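Biologist: Hey, can you walk me through the empty spaces in this protein? I'm new to it.

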Amino acid sequence: MSHSDQDSCLVIDTSFGSTVGLVGHEPLIETDSRSHVEKLEPHIRRVIEAAGIQPEDLGTIVVGTGPAPFTGLRAGIVTARALSFVCGANLLGQNIVEAQALWYARKKMSDSGKSFPHLVLAVNDARRKQLYYALYDVSGIISGNNLIPQQLTDLNIASASTISLEISHFLASHPAYRQATLAISGRGAGSYMQAWDDLEDQRRRMHSDSGCTVSDLSCLVDGGAGGVDLFAAVARAHQSRKDPCSTDPLYLRRPDITVPTASRHKLGETAISLTLTEKNQKK
């Protein structure tokens, strides 16, 4: 089945809670990480019914690929893949921090009328006192049809203090960006103000007085219909460029569970006999 850009486009993201919305409509949002997985399917059904369409009318599904913790992110991607298969819809993956960088830059321009950051450090809460992050140059995407910011650092996970040091080193080694205005934006950004103060101190030592703003607002959770529309538009811009648009999840954090090393034992010994032997040795 072929679909045009004019067909209905559904956005599903579980990078923070869950956001489900059709382009052009207000999304349904669940911020409680303990229940958002259970509400995902009912929310999909509700937004489709509210729009007066059927699931088979969906032309494109855009799913958030993180970066985010394992359990919630997996639920959204598996659901989007299954729905795409059943409905015959095109399926596109989109990482949240890239869309976050563009959304915040355009929001600042809209709020102020002309002022916007040239650099956005886009983040997402990774828990365990860490953030997922990447630095973007958004100066070329504020006007016109270009929706893909220039990524300046690798997508990664670290503590806010480590991120602060990395970004200050990057700016120090790239003189063209030393006077660029910087914004730190995304879920969890406001919890680490000391780290961002340290980053601002480092910039002052580089004789930069361009300032830095911090915002906890999120493209999908706080952006409403406009955030959903922009998220889908960035994914479609990648599709137009023939980018992969993979739906592989971006976990970034190494798994906590490791395969234990098998202990050597004599022929005929079982796990029970080994345990009994160890106990006898202790006696």
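Modeller: Here is a quick tour of a cavity and a pocket. It's a predicted model, so to speak of local features we need pLDDT of at least 70, side-chain atom pairs count only at pLDDT 80 or more, and totals for chains, interfaces and linings use all residues. Residues are numbered from 1 along each chain as its sequence is written, and side-chain values use heavy atoms, with hydrogens and water left out.

Biologist: How many cavities of 30 Å³ or more does the structure hold?

Modeller: Just 1. A cavity is a set of points, on a 1 Å grid over the protein atoms alone, where a 1.4 Å probe fits but cannot get out; lining residues have an atom within 4 Å of a point. The largest cavity has about 80 Å³ of space, counted as what's filled by probe spheres set on the points.

Biologist: Which residues are closest to its centre?

Modeller: Of the 14 that line the largest cavity, those are Phe16, Ile96, Asn124, Arg187 and Ser218.

Biologist: And where does the largest cavity lie?

Modeller: Between domain 1 (8-94 + 220-241) and domain 2 (97-217), because both give residues to its lining. Those bounds come from an automatic or database domain assignment.

Biologist: OK, new topic. How much space lies in the second largest pocket?

Modeller: About 190 Å³. A pocket is an open set with protein on both sides within 12 Å along at least five of seven lines.

Biologist: What lines the second largest pocket?

Modeller: Among them are Thr65, Gly93, His238, Asp243 and Cys245.
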